[in-house]
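Here are some notes for a first reading of this structure. Please keep the 3D view open and find each residue as it is named.

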Amino acid sequence: MTITSQDDLINAISAGQTWKAEWNKNSFSTTAHTAGLWYSLFRGAGNPSADTIMGTGTNLAFQALRDDTANATGIQHGGDVSPLVKHILNASAGSAAATTMPATFMLVDLLGFYPITTVTSTSNQTLDNTVTLPRYTNGAGVQAFITPTTVMGAATPNIDITYTNSAGTGSRATPTTLPQGNTAAAVTSIVYSGTGAGKYGPFMPLAAGDAGIRSVQNFRLSASYVSGVLNLVLCKPLLRLPMTTLGVAAEREFLNQIPSLPRVYDEACLAWLMYAGAATPVNSSFSGHIDFAWG
């Protein structure tokens with residue numbers, strides 16, 4: 001079952017099959033955001049509280065994330081509703097904190113991550129996929145980003161991965177113009193984001209024609225980071241909210257937009273990525289809401 005008409009939506013609302021998530025997240029407490037870079041707000045303080053799971057676990061082994069995973073604090077969305085199907089109806093985000101605008105927020109379903117503590121290695125490191133994707137299991141639409149949970153040392157390495165795409169084809173590789181990591185990359189930043197050659201945001205580029213990532217087999221740095229911990233995160237992007245004006249919320253409704261009504265699966269671990277259009281001070285506060293309905 002799913003919502004396919006206005007009548008379905010009215011019936012879902014009448015039956016109480018809705019959830020409003022009021023969220024508030026801060027930028028990281030020790031890291032100012034640099035204009036032109038992407039960041040993850042998963043580790044920022046607020047409601048929900050900061051995650052403490054990224055960067056933990058067995059090196060290079062995939063860990064799945066769900067809304068009930070210990071120390072993973074995604075935005076709550078009303079719990080499991082299967083066999084009904086849950087959708088996002090509308091969302092908002094804004095801030096009155098100085099120099100936070102302009103900015104763009106992207107809501108993603110965090111599917112899991114590979115912690116990478118061996119950042120001093122330049123070998124082609126083999127990842128462990130004993131654990132598989134908990135949602136979007138064929139990889140359709142799944143993207144990857146890389147973020148530190150410990151400040152990185154000095155280096156500007158090129159980064160490449162080898163992965164299996166959503167069609168099940170293995171040995172797919174990052175295109176020739178490789179992402180370039182930032183030196184001394186800050187916690188929560190997306191390590192290769194920015195402006196100029198070798199900078200991407202927020203996701204790792206895929207081989208031509210690929211529609212998503214089912215699993216990642218290898219990870220390689222062209223030069224050694226002096227220190228730090230990276231996390232290769234797999235996620236499904238759901239929506240974007242561009243914010244232009246200080247103190248004015250960005251709002252989007254997804255009932256009449258095409259494509260509309262983004263689906264949220266049971267156990268989804270929802271979090272925001274942020275593109276900083278301006279230098280953003282530490283602990284800058286953002287807030288908003290997301291409305292869900294299922295039918």
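1. Lining of the largest cavity, by class. Please keep in mind that this is a predicted model. The lining of the largest cavity is made up of five nonpolar, four polar and two charged residues. The volume of this cavity is about 80 Å³. In the whole structure, the search finds two cavities of 30 Å³ or more.

2. Who lines the largest cavity. The residues are Ser40, Phe42, Arg43, Asp51, Met54, Phe145, Thr147, Pro148, Thr149, Val187 and Thr188. Which strand gives the most to this lining? Strand β8, residues 143–150, does so with four residues.

3. Met54. This residue, one of those lining the largest cavity, is found in the loop between β3 (46–47) and β4 (63–64). Is Met54 buried or exposed? Its relative accessibility is 7%, under the 20% cut-off, so Met54 counts as buried.

4. Neighbours of Met54. Apart from residues within four places in sequence, Met54 is in contact with Phe42, Arg43, Leu65, Phe113, Thr149, Asn231 and Val233. Thr149 deserves a look: Met54 and Thr149 are 95 residues apart in sequence, but their C-alpha atoms are 6.7 Å apart in space. Among these contacts, Phe42, Arg43 and Thr149 also appear in the lining of the largest cavity.

5. The second largest cavity. Its volume is about 50 Å³. The lining is formed by Lys25, Leu41, Phe42, Pro48, Thr73, Ile75, Leu270, Ala271 and Trp272. By class, there are seven nonpolar residues, one polar and one charged. Strand β15 (residues 270–276) supplies the largest share, three residues. Phe42 is in this lining and also in that of the largest cavity.

6. Strand β1 and its partners. Strands of a sheet pair through backbone hydrogen bonds, either parallel or antiparallel. Strand β1 (residues 18–26) pairs with β16 in the antiparallel sense, over nine bridges. Trp23 has Gly288 in β16 as its bridge partner. Strand β1 is also joined to β3 by two bridges, and these two strands run antiparallel. Here Lys25 stands opposite Gly46 in β3. Lys25 is, in addition, one of the residues lining the second largest cavity.

7. Ser284. What does Ser284 touch, not counting residues up to four places away in sequence? The contacts are Lys25, Asn26, Ser27, Ala97 and Thr100. Ser284 is found in the loop between β15 and β16 (285–294). With a relative accessible area of 5%, under the 20% cut-off, Ser284 is therefore buried. A polar atom of its side chain lies 2.8 Å from the backbone oxygen of Pro281.

8. An open sheet of four strands. The order is β7-β11-β9-β10, and the pairing is antiparallel. The edge strands are β7 (125–126) and β10 (172–173), each of which pairs on one side only. How many bridges join β9 to β10? There are two, between strand β9 (residues 159–165) and β10, which run antiparallel. In this pair, Thr162 stands opposite Ala173 of β10.

How values were computed:
Residues are numbered from 1 along each chain as its sequence is written. This is a predicted model: local features need pLDDT of at least 70, side-chain atom pairs count only at pLDDT 80 or more; totals for chains, interfaces and linings use all residues. Side-chain values use heavy atoms; hydrogens and water are left out. On a 1 Å grid over the protein atoms alone, a cavity is a set of points where a 1.4 Å probe fits but cannot get out, and a pocket is an open set with protein on both sides within 12 Å along at least five of seven lines; lining residues have an atom within 4 Å of a point. Grid points are joined across faces, edges and corners, and a volume is the space filled by probe spheres set on the points. Ala, Val, Leu, Ile, Met, Phe, Trp, Tyr, Cys and Pro count as nonpolar, Asp, Glu, Lys and Arg as charged, and the others, Gly among them, as polar. Buried means under 20% relative accessible area, exposed over 50%, partly exposed in between (1.4 Å probe, protein chains only). A polar contact is a pair of N or O atoms within 3.5 Å; within protein, one must be able to donate a hydrogen and the other to accept it, and residues adjacent in sequence count only if both atoms are side-chain atoms. Contact means heavy atoms within 4.5 Å. Two strands pair if DSSP finds at least two bridges between them.
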